[in-house]
Amino acid sequence: MPSRTIRVAAGVVIAVTALSYSVGDLDPRLPTALSAGFAAGTGCLTFAAARSLTRALRRGEARNGRMCGELNRLGRRVGSLESSGEVRHAECLRSLTRTTQLVEVGLDRVGGQCRSLEREIGRSYAQLEAFTDLRALITPRAPLPALRGWAASPDVLRMMTGWILRTRPKTIVECGSGSSSVWLGYVAERTGATVVALEHEPRYAEASRDLVRAHGLSDVVEVRDAPLLPWEEGQESYLWYDREALDGIEDIGLVFVDGPPGATGPAARYPALPLLLPRCSEQVAFFLDDAAREDDKAVSDRWVLRFPDVVRTEHPAEKGLDVFVRGGV
Ligand SMILES: C[S@@+](CC[C@H](N)C(=O)[O-])C[C@H]1O[C@@H](n2cnc3c(N)ncnc32)[C@H](O)[C@@H]1O
């Protein structure tokens with residue numbers, strides 16, 4: 001804007017000067033005066049323009065300063081965002097790693113549970129198969145007592161039933177009464193055998209007798225009270241059924257060794273073979289239930305050493321089953 005004013009002023013002076021020379025009747029001092037005025041005006045305008053430029057420069061510098069400050073602030077903000085982003089990134093990675101570990105542990109656990117569920121389904125199916133076989137052989141006269149758990153499992157009962165049907169023993173002895181007394185009773189009824197169940201607990205002896213009665217098997221199954229008494233062999237002492245409870249038992253063709261319970265003492269079932277074998281027929285089988293348990297494994301091994309003419313076979317029954325046969329078929 002000042003330069004345009006200067007140009008206009010200079011144009012006016014030049015035009016007036018030129019006019020004065022061409023007309024020739026103007027005061028000859030006029031161009032000089034006009035030039036001096038023009039110079040003074042130009043100086044004033046130049047000064048004003050310089051001041052205005054200076055102010056504009058200062059404003060520009062101030063604006064630049066503010067912009068620099070703003071840029072620095074933004075830089076710091078971006079830096080802090082970057083570092084806080086890095087922190088959060090590290091946190092995310094840590095929690096992702098932890099989550100992955102937890103998921104892996106959970107998957108392992110679920111995998112283990114699936115495998116044990118599969119095993120249980122397999123076990124249950126095997127028991128159901130054996131149960132179906134057994135049920136096909138008997139026609140119960142009352143609701144049948146439960147199997148498995150504290151009672152014998154169907155797989156063991158099925159094996160014993162097979163032995164009974166094949167060898168037709170006269171006498172069956174059961175160490176430990178309960179559900180099996182009824183199931184074996186039905187099979188014995190078919191073959192004309194008798195069952196003697198030894199029971200050390202009076203209340204369970206009574207309960208078993210009630211069951212036997214309810215099934216109309218009292219003529220086939222006798223539940224005998226047989227408290228546990230000490231019995232010694234060599235240096236070893238055991239608690240086993242009262243020997244008086246064995247009175248009159250002969251020609252045993254099958255012994256189901258399912259008692260006394262392990263809690264009554266170590267090697268609780270060991271006396272069964274040495275004490276009952278003399279009362280057995282030439283052909284006999286001892287079915288040792290729970291043979292998967294350490295204590296009963298030890299009993300089984302001692303029988304093998306002590307009775308070389310009795311042959312052991314091991315079976316993968318639910319609770320483990322070792323069968324000792326003399327005079328095998
Ligand atoms: C391993 S259990 C098996 C009894 C039987 N051989 C059977 O399979 O049902 C051994 C002991 O369980 C006890 N028992 C008998 N009836 C029972 C019942 N209803 N509930 C819990 N225990 C019982 C008796 O003392 C028995 O000698």
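Modeller: A residue counts as buried if 20 or more other C-beta atoms lie within 10 Å of its own, and as exposed if 12 or fewer do. Anything in between is partly exposed. Keep in mind that this model is predicted.

Biologist: Is W303 buried or exposed?

Modeller: W303 is part of helix α7, residues 294-306. Within 10 Å of its C-beta atom lie 23 others. The cut-off is 20 or more, so W303 is buried.

Biologist: Which residues does W303 touch, leaving aside those up to four places away in sequence?

Modeller: P271 is 32 residues from W303 along the chain, and their C-alpha atoms are 9.6 Å apart. Contact is a matter of C-beta atoms within 7 Å. On that test, the partners of W303 are L273, V310 and F324.

Biologist: What share of the chain's contacts with a separation of 6 or more joins residues 24 or more positions apart?

Modeller: The chain holds seven helices and nine strands. Its 329 residues include 28% that are buried. Among contacts with a separation of 6 or more, the share from residues 24 or more positions apart is 68%.

Biologist: How are helices α3 and α4 oriented to each other?

Modeller: Helix α3 covers residues 154-167 and helix α4 covers residues 179-191. Their axes come within 10 Å and cross at roughly 20°. Angles under 35 degrees count as roughly parallel. The two helices are therefore roughly parallel.

Biologist: How many residues in the contact of α3 with α4 are charged?

Modeller: The crossing of α3 past α4 is right-handed. From α3 come L157, M160, T161, I164 and L165, and from α4 come S180, W183, L184, V187, A188 and T191. Eight of the contact residues are nonpolar and three are polar. The charged count is no residues.

Biologist: Is S180 buried or exposed?

Modeller: S180 sits in helix α4. It has 24 C-beta neighbours inside 10 Å. The cut-off is 20 or more, so S180 counts as buried.

Biologist: How far is the C-alpha atom of S180 from that of L147?

Modeller: S180 touches A151, A152, L157, E174, F256 and D258, if residues up to four places away in sequence are left out. L147 is 33 residues from S180 along the chain. Their C-alpha atoms are separated by 7.8 Å.

Biologist: Which elements give two or more residues to the shell around the ligand?

Modeller: The ligand is surrounded by 16 residues, and the closest are A151, A152, G176, G178 and S180. The shell splits into six nonpolar, six polar and four charged residues. The elements giving two or more residues to it are α4 and α5.

Biologist: Which residue does a cis peptide bond join to G259?

Modeller: Look in the loop between β6 (252-257) and α6 (272-276). Omega is about 0° at the cis bond. The partner of G259 is P260.

Biologist: Which residue in the loop between β6 and α6 has a positive phi although it is not a glycine?

Modeller: Its phi is about 50°. It has 14 C-beta neighbours inside 10 Å. That falls between the limits for buried and exposed, so partly exposed is the label for A267.

Biologist: What is the phi of R148?

Modeller: R148 lies in the loop between α2 (30-137) and α3. With 16 other C-beta atoms within 10 Å, R148 is partly exposed. Its phi is positive, in a residue other than glycine, and is near 70°.

Terms used. Residues are numbered from 1 along each chain as its sequence is written. This is a predicted model: local features need pLDDT of at least 70, side-chain atom pairs count only at pLDDT 80 or more; totals for chains, interfaces and linings use all residues. Axes are lines fitted to C-alpha atoms, for helices over the stretch in contact, and angles run from 0 to 180 degrees between N-to-C directions. Helices (H or I, at least four residues) and strands (E, at least two) are DSSP runs, numbered from the N terminus. Angles under 35 degrees count as roughly parallel, over 145 as roughly antiparallel, 65 to 115 as roughly perpendicular and the rest as oblique. A crossing is left-handed if the near helix is turned anticlockwise from the far one by less than a right angle, and right-handed if clockwise. Two residues are in contact if their C-beta atoms, placed from the backbone, lie within 7 Å. Ala, Val, Leu, Ile, Met, Phe, Trp, Tyr, Cys and Pro count as nonpolar, Asp, Glu, Lys and Arg as charged, and the others, Gly among them, as polar. A residue is near a molecule or strand if its C-beta atom, placed from the backbone, lies within 6 Å of it.
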